[in-house]
Amino acid sequence: MVSSLPPTPSSSSSPRPSLSLVDAYESLLVHNLSTVNTVESAIRNVTWFLPGRFADAELASEGLYALLSVVSSYHDTLLARRLPRALALPPHPFAKPPAPAPVPTSGRPSAAFPRVTPVLPPPSEHARYTRYWTARSGAYRRAARALTTLGYVQLLVEMVMKKRGDRARWRTVLGLEWTKAVLRLLLLAITKRSVLHHPCPQREYDLASLPLNVLDGNAAAASPASSPATASTEETGNILPTAQPLIPTIRAHAPLRAHLYPLTSALPDSYLAHPLTLLPELDAKGYAAEALGILASLVQVLLLLRASRRYAYRPLSLPTLSSSLSPFLPPLVLSLLARQLRAPAQTTLQFEHNATTDRRMASRFFLTGPVWVGWTRPKVMAVVAALERVPLIGLAGELVEAYIPLVDDYFYYTAS
């Protein structure tokens with residue numbers, strides 16, 4: 001009887017897979033989070049001081065800001081794959097204490113140390129709602145990412161096209177508004193709920209505070225998974241192999257709230273309200289209100305193009321068009337009508353969404369059109385002139401004054 005043995009794998013028959021460019025970039029990001037966070041903060045601060053400093057400074061500033069926003073959004077997508085939701089939950093009370101670990105020399109927290117608090121803050125209602133839809137619907141995920149990316153680059157695109165002339169600029173703005181309206185209507189049809197101003201999950205944690213071992217997939221894979229204390233899953237809210245906590249010390253005869261109250265803000269998703277209940281489903285009046293709010297910006301661009309026919313000198317210049325009331329009054333009426341038709345807020349997320357909508361409507365009213373030219377702008381210039389007379393504080397006045405031409409000349413500087 002001949003026994004057949006399994007063939008021994010040879011090194012020549014199984015070549016080592018090459019590291020792709022995306023994997024290499026992801027590894028570089030994970031192992032240099034502090035540096036990435038510092039660079040992002042530095043670039044974001046620099047963009048505030050560039051306008052008015054040299055020729056085309058506003059274009060350079062907006063280019064840096066748009067690039068930084070797109071890259072940061074991509075970083076959030078990469079990190080979301082490596083950050084389990086269980087890290088936002090309280091530690092498991094019956095986990096065995098880990099062996100003493102050496103003190104890290106980098107100054108960053110290490111997941112090998114016993115933790116008694118969650119590594120990540122509990123997700124907000126906005127994060128839970130948008131995370132639910134991006135995981136459930138591929139059409140929602142693609143439309144939301146496209147809409148978010150357009151919001152990052154729309155002002156930069158307008159600045160670039162303005163170099164080619166006002167007519168090319170307004171055609172591009174009209175195309176962007178059509179695209180954004182279609183994407184928002186698509187999100188409205190998918191969710192049957194109000195379209196949030198930020199339809200994608202936003203970063204709610206500090207990059208520098210994340211432990212290296214939590215993000216290191218190799219370390220997590222090498223950890224023993226057979227231990228009862230570490231074999232629990234993310235859905236049950238238990239710990240991970242890289243995060244073994246200890247029971248926090250609570251004084252004797254402490255009231256029950258001392259044990260339970262700190263845990264109420266960090267519960268597994270199965271114990272929280274369903275994400276669909278965070279934003280109520282719309283009725284007929286709600287659909288009408290959303291449609292009117294979505295189409296208001298598109299109607300304004302169409303009215304601006306129509307009003308340009310009445311002017312002979314620089315008819316497509318935004319300062320020229322801002323002297324007329326007809327392109328700005330109908331969109332304001334549509335926004336007010338949408339506000340009147342929408343239902344009162346029933347949840348915290350809906351209240352925040354309605355408050356953001358009201359703030360944007362108020363800012364567009366005071367920073368665009370005849371109201372900006374005849375009332376807001378003279379008030380701002382008077383404040384700037386008063387600040388410039390005071391030493392040192394005059395620098396703040398100069399900074400504000402550098403942004404006034406941007407509000408005058410660009411549609412998306414206040415429309416977004």
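Modeller: A residue counts as buried when its relative accessible area is under 20%, as exposed when it is over 50%, and as partly exposed in between. The model is predicted.

Colleague: Why is Glu-177 called buried?

Modeller: Glu-177 has a relative accessible area of 3%, and buried means under 20%, so the label applies. Lys-180, at 8%, is buried by the same cut-off.

Colleague: What makes Glu-177 and Lys-180 a salt bridge?

Modeller: Their side chains come to 3.5 Å, N to O. The limit is 4 Å between a side-chain nitrogen of Lys or Arg and a carboxyl oxygen of Asp or Glu, so the pair qualifies. Both residues lie in helix H6, 3 residues apart, about one turn of the helix.

Colleague: Why does Glu-58 have no salt bridge?

Modeller: The nearest side chain of opposite charge, that of Lys-163, is 5.0 Å away. A salt bridge needs 4 Å or less, so none is assigned to Glu-58. Glu-58 is nevertheless buried. Its place is in helix H3 (residues 57–82), and leaving out residues up to four places away in sequence, it touches Pro-51, Met-159, Leu-406 and Tyr-410.

Colleague: How many salt bridges does a search of the whole structure find?

Modeller: The search finds 9. One of them joins Arg-203 and Glu-40, with the closest N and O atoms 3.2 Å apart. That pair links distant parts of the chain, 163 residues apart: Arg-203 is in the loop between H6 and helix H7 (212–215), and Glu-40 is in helix H2 (residues 33–49).

Colleague: What makes Arg-203 partly exposed?

Modeller: Its relative accessibility is 26%. Partly exposed lies between 20% and 50%, so Arg-203 falls in that class. Its partner Glu-40 is buried, at 7%.

Colleague: What makes Arg-342 and Asp-358 a salt bridge?

Modeller: The closest N and O atoms are 2.9 Å apart, and the limit is 4 Å. Arg-342 is in the loop between helix H12 (329–341) and H13, whereas Asp-358 is in helix H13, 16 residues apart. Elsewhere, salt bridges that share partners join Glu-40, Asp-76 and Arg-203 into one network.

Colleague: How many aromatic pairs does a search of the whole structure find?

Modeller: There are 9 aromatic pairs. Among them is Trp-170 with Phe-411, 5.9 Å centre to centre and with 65° between the planes.

Colleague: Why is the pair of Trp-170 and Phe-411 called edge-to-face?

Modeller: The centres must lie within 6.5 Å, and 5.9 Å meets that; planes over 60 degrees apart count as edge-to-face, so 65° gives the name. Trp-170 is in helix H6 (residues 166–191) and Phe-411 in the loop between helix H15 (394–409) and helix H16 (412–415), 241 residues apart. Both Trp-170 and Phe-411 are buried.

Colleague: Why is the pair of Phe-366 and Trp-375 called tilted?

Modeller: The ring centres are 5.9 Å apart and the planes stand at 45°. Under 30 degrees would be stacked and over 60 edge-to-face, so 45° leaves tilted. Phe-366, at 36% relative accessibility, counts as partly exposed, and so does Trp-375, at 45%.

Colleague: How do you know that Leu-349 is buried?

Modeller: Its relative accessible area is 3%, and the cut-off is under 20%. Leu-349 is in helix H13 (residues 348–367). Not counting residues up to four places away in sequence, Leu-349 touches Glu-125, His-126, Tyr-129, Leu-278 and Leu-279. Leu-349 and His-126 are 223 residues apart in sequence, but 6.6 Å apart in space, C-alpha to C-alpha.

Methods:
Residues numbered from 1 in each chain as written. Predicted model: local features only at pLDDT ≥ 70, side-chain atom pairs only at ≥ 80, totals over all residues. Heavy atoms only, no water. Phe/Tyr/Trp six-rings, centres within 6.5 Å; stacked < 30°, edge-to-face > 60°. Helix = DSSP H or I, 4+ residues; strand = E, 2+ residues; numbered from the N terminus. Buried < 20%, exposed > 50% of the residue type's maximum accessible area, 1.4 Å probe, protein only. Lys, Arg positive; Asp, Glu negative; His and termini not counted. Contact = heavy atoms within 4.5 Å.
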